[in-house]
There are 4 protein chains.
Amino acid sequence: MSVRVGVIGVGMIGQDHIRRITQVLTGGSVTAVNDVDAARAGQVAAGLPGASTHATAQDLIADGNVDAVLVASWGPAHEEQVVAAIAAGKPVFCEKPLAPSSAACQRIMDAEMAAGRRLVQVGFMRRYDAGYRAMKATLDGAGPDGAGLGAPLLMHCAHRNPSVPDYFTTDMIISDSAVHEIDIVRWLFGEEIVAASVLTPRRTSRAPDGLQDPLILLLETASGALVDDELFVSARYGYDVRGEVVCETGTVALADVSEVTVRTQNRHSGRVPVDWRDRFIRAYDTELQEWLDAVAAGTSTGPTSWDGFAAAAVTDAALEALRNGQRTAVSMPERPEFYAK
Amino acid sequence: MSVRVGVIGVGMIGQDHIRRITQVLTGGSVTAVNDVDAARAGQVAAGLPGASTHATAQDLIADGNVDAVLVASWGPAHEEQVVAAIAAGKPVFCEKPLAPSSAACQRIMDAEMAAGRRLVQVGFMRRYDAGYRAMKATLDGAGPDGAGLGAPLLMHCAHRNPSVPDYFTTDMIISDSAVHEIDIVRWLFGEEIVAASVLTPRRTSRAPDGLQDPLILLLETASGALVDDELFVSARYGYDVRGEVVCETGTVALADVSEVTVRTQNRHSGRVPVDWRDRFIRAYDTELQEWLDAVAAGTSTGPTSWDGFAAAAVTDAALEALRNGQRTAVSMPERPEFYAK
Amino acid sequence: MSVRVGVIGVGMIGQDHIRRITQVLTGGSVTAVNDVDAARAGQVAAGLPGASTHATAQDLIADGNVDAVLVASWGPAHEEQVVAAIAAGKPVFCEKPLAPSSAACQRIMDAEMAAGRRLVQVGFMRRYDAGYRAMKATLDGAGPDGAGLGAPLLMHCAHRNPSVPDYFTTDMIISDSAVHEIDIVRWLFGEEIVAASVLTPRRTSRAPDGLQDPLILLLETASGALVDDELFVSARYGYDVRGEVVCETGTVALADVSEVTVRTQNRHSGRVPVDWRDRFIRAYDTELQEWLDAVAAGTSTGPTSWDGFAAAAVTDAALEALRNGQRTAVSMPERPEFYAK
Amino acid sequence: MSVRVGVIGVGMIGQDHIRRITQVLTGGSVTAVNDVDAARAGQVAAGLPGASTHATAQDLIADGNVDAVLVASWGPAHEEQVVAAIAAGKPVFCEKPLAPSSAACQRIMDAEMAAGRRLVQVGFMRRYDAGYRAMKATLDGAGPDGAGLGAPLLMHCAHRNPSVPDYFTTDMIISDSAVHEIDIVRWLFGEEIVAASVLTPRRTSRAPDGLQDPLILLLETASGALVDDELFVSARYGYDVRGEVVCETGTVALADVSEVTVRTQNRHSGRVPVDWRDRFIRAYDTELQEWLDAVAAGTSTGPTSWDGFAAAAVTDAALEALRNGQRTAVSMPERPEFYAK
């Protein structure tokens, strides 16, 4: 059975997911689209045989030809759309952030808990990356020779983009870039982040005016593990995401990835990805395939509303830390039983 | 439009392709199966909603619900089945070898040329591996900084399997293992192989009785480039495929692939694949996806009958060289215009 | 001409330097030894043909057969011995720390400035390591293709020891371990460190009782560059020193060093050094050879008293930061003209 | 006690060894020099306080101020000079080749056996390289976790120079370049080479006129192990020496050596050595230091006259194979008891 997906928001990300569902993955089709820009929705639908367009997200969600909803609209619209999908009892994949504020995320959780079953998957695609998955498997004990590395104590991360558009703000370095490490740390360590600090090193001369770049974000987990995350969005040389978890008897790190090694002009070298698409395209594919599979099976997997909420809460603390220059505690309730692992 | 595939031969490889078409790829479905073991065909079909079973390969090929044929039967049956598919005007994907002898391959080519259009794709999946593709792109000039490496002069290959079953013969090291390098060398260098030699080094004590393992296969291309290929099917430590092309001003080599680097017990290490599936699973996925896409588009891509024929001709020469201990010329006609690139 | 060296302090480090001068390096001989343990001094001298023992460090320094002095006594004795060597007008190599307090270092500088020429080299041997030297050459512009990487903005360091003796204290993680990064950061960046902070992550269960291990030391340079230094002295898996400087258009990092790559049991791996000797033995050799060469040439090179002083001042700030949990400014005067580069 | 060395032949290599003895190593001094170019000998001696010049090699060998002799003259002169040193009972270090023909090497062995003790060390410096030493240690069982890799079956070598002078001949690719692999293979495998073949691949357009470059040299050892050696002296991109020994349960390979990894312009890269000096300078240092140490101790270590002879015998077979295009057996007597390990 093929899952009939309705896509809300057909900008760059939405169109990329449509391409994925129709040209790469199995078990799904796009049957309806909606966008605030009706003309754009029409253009996209024209390329999708049998797909309809809807004037509103609500209409799309209500469409009987839509089994599941993919939300790729802008952040401020997420809450209303996700809640509507929950109300309609339809599984919904929501691009990150789940909602721009932790309060909004809380309302989504409330709706989902009221509905009585998990319907929401949040688009933290790094959990589907082969590198992070191998890292998690190693931390969970399936390391070389079955030997565990002991408790994780530290993680060093770097998140480097070659460049960002002029409208990119320092806050976005936290809310758009660091949010990926915030989620992956929670997932790898299997515990919550309880505090955040932000350090502002010497600014690169290559950043757009007004952007404080790079930043160092420090995160503390409930058990006291410490994470440093270099965020550098004008790093020029490529898109480079790195991570090393330091445990009691060893470490595990993302490896450099290059298909071939070239030797020329007195160097041996491999390539660095050019952008996030290049680096994570397969993670996106896997993410959405597993969502389609879960929808078809009537189950739910992947990052939950709670994960979306927790990421928002940590992001809030980090943004506050950016402003006040202090270590800032994350304000977050206990994880509801509903979202127990 | 989804391509309706009929699968002939549903042993391990056939079932894996069925899984791929139904659970991984897009744009295809399996509508019919056939196997010399009718019970097995029935079992497999039972897991495929709407799929029929056919008593003979001919019946399957004739089925109006079959748009394209996937041949995964044993080698000796390929010729008849592929020729029948050609006769029916249906695109056919044939697992390697195209046929057990170059004479049989020639008859397939004759049938295809008589039909007037390319219908056959041969299952040389390494051409779809990201590593070999990056290697070819580098050789073709898209290297670092756009700088070419000059003419290729040499290639060093190694093809190591951890172990083989007891029935594996020394001839099979050539016909089953080395055939992959034979095809990839032709593809990378863009020219034919004109001679082969086989060297028999000291035998490993870990090989099954009677197996001469490892072997060194030497191949010469039309331009005089020389390839040495270590074939070692009882290598124990893992499945390791390596290659380095040496050009006039630099080299390009398959990189070690490991998602993570682990540091423990005074070693930093990455993993070696456990078997060919682990190493090449994505190449198989890409291979079959591109076939489905080509079938849907009414075009033809990938390794042709000529490639299957040429691989068989070189394999014949290598087997002869294994027997006689001499450099043995490959006997092969000019490439027909029909198969010009 | 061979430099006749008098060695003060013939414990483990002193004996290692004697071995180096007599069995590895050229242009030096050990003609006199002194130790607070006279018996040990006698034993060591017995193995050195023609070497005398002296009851006091002062006597050794005054010995007409001593051209230059190597101080490898314990830290509290350094000041008096180095000042005496300066007073005698003899070049002196002093193991780190130059002196246990920045005040004592200041007195050494005062004595040297009064003497009117540089006589002191401090034992910061990492500056002589091939890895750090290549890093500095790259930062100074001699990178690949002569292309510079732009201004340095960040540095990530890790300093991991497999284990430490039970008497090792948390303060010593700063004063004995981190002092190496403190010096190397000043040297690589070519500027002073102006502030330090210390973070205390989750403690490893493998550390000796009472030891807060690991630590994260944060350093800020005058230009605002930020350094994070993981100090982990119970890391078990090996001795691993790592560093990456992040610049405006690229990064440069210490490479993993392993003479060979081994493939076995599904891993490809290289070795991690077992201890600091294994990792830095050649740096020690180069350090002392360059000292002997400079002494023979009547010149002075390498880390100066000012470098010893600055390291002490930063160490003081880091120890204060460890106690108060705050970012702590380094208290330090302007660099005297005498110590200009 | 310092070894007083007399150096015969003060061209580039001889002068480099003099620099080594006087400025890098310990325990040696150069007290006498000789060269066919008397003016050059005088110039070199002028830079060596206390060193004398001798009109003939014989005079130098007879000099009472010469404890040991270093022969760095041209190959045809080696036999007479080495035999004279043996006759004088003085240890002699002879640059490779020991002599230009195996017959001449045989005469040197005869002289040494008649003298009754080993006095000759041949300059095969690769045995002193940290990479090859780690490789040998691994093969000899001191691998990771003490696990051996089983019997060695194959070795893959590459020996690439960026370029050679115009006078370089194809024969010299064997006698000057491949001789290093010939020796290292004998040493690593601990057995003799019994046959050689030479393959002539497509010629690079970058080689000097008339040079057949690259070549593939195939060597067979007594136990049947097979070695392929790519010799490519116009490889342009750098000086790159590579080797991988394939054993029954794993492999060990020379690792890429680069002090730092640079990330810039979408590549992560390390350096390739620029020439043999860059690559092997420390091996030369270690080689000569161990020779000086052995001379001072009155013992003998390192490659012997037998090793020089065996390398010459294999070189002869390889040169014959280059001419006749056939597998050519090495003609060599049993190893004399005198040269037993």
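Let's start with the cysteines: across all chains, the structure holds 0 disulfides, a disulfide being a pair of cysteine sulfur atoms within 2.5 Å. Take B:C105, which is in no disulfide; its nearest cysteine sulfur belongs to B:C94 and sits 8.6 Å away. B:C105 is also buried, at 0% relative accessibility (buried means under 20% relative accessible area, exposed over 50%, partly exposed in between, with a 1.4 Å probe and protein chains only). Over in chain D, D:C105 is in no disulfide either, and the nearest cysteine sulfur, from D:C94, is 8.6 Å off. D:C105 counts as buried because its relative accessibility is 0%.

A quick word on what you're looking at. This is a predicted model, where local features need pLDDT of at least 70 and side-chain atom pairs count only at pLDDT 80 or more, while totals for chains, interfaces and linings use all residues. Residues are numbered from 1 along each chain as its sequence is written, chains are lettered from A and ligands numbered from 1 in the order in which they are written, and side-chain values use heavy atoms, with hydrogens and water left out.

Now for the place where chain C meets chain A. Here 37 residues of chain C are in contact with 37 residues of chain A, contact meaning heavy atoms within 4.5 Å. Together the two chains bury about 2,900 Å², with 61% of it on carbon and sulfur atoms; buried area is the accessible area (1.4 Å probe) that two parts lose on being put together, summed over both. On the chain C side, C:L153, C:R202 and C:E248 lose the most area to chain A, together 22% of what that side buries.

There are 4 salt bridges between chain C and chain A (a side-chain nitrogen of Lys or Arg within 4 Å of a carboxyl oxygen of Asp or Glu). A:E244 and C:R242 meet through their side chains in a salt bridge, at 2.7 Å from N to O. Which element gives the most to the side of chain C that touches chain A? That's β7(C), with 5 residues. Strands are DSSP runs of E, at least two residues long, and helices are runs of H or I, at least four, numbered from the N terminus.

Chain C also touches chain B, through 21 residues on each chain. This pair buries about 1,700 Å², 40% of it on carbon and sulfur atoms. C:R263, C:N266 and C:H268 lose the most area to chain B on the chain C side, together 40% of what that side buries. Chains C and B have 4 salt bridges between them, and the side chains of C:D256 and B:R263 meet in a salt bridge at 2.7 Å, N to O.

Finally, two spots in chain D. D:D240 lies in strand β11 (residues 240-247) and is buried, at 5% relative accessibility. Its side chain makes a polar contact with the side chain of A:R263 at 2.7 Å; a polar contact is a pair of N or O atoms within 3.5 Å, where within protein one must be able to donate a hydrogen and the other to accept it, and residues adjacent in sequence count only if both atoms are side-chain atoms. D:V164 sits in the loop between β7 (152-160) and α7 (170-189) of chain D. D:V164 is buried, with a relative accessible area of 14%, and, leaving aside neighbours within four places in sequence, D:V164 is in contact with D:P208, D:L211 and D:V233.
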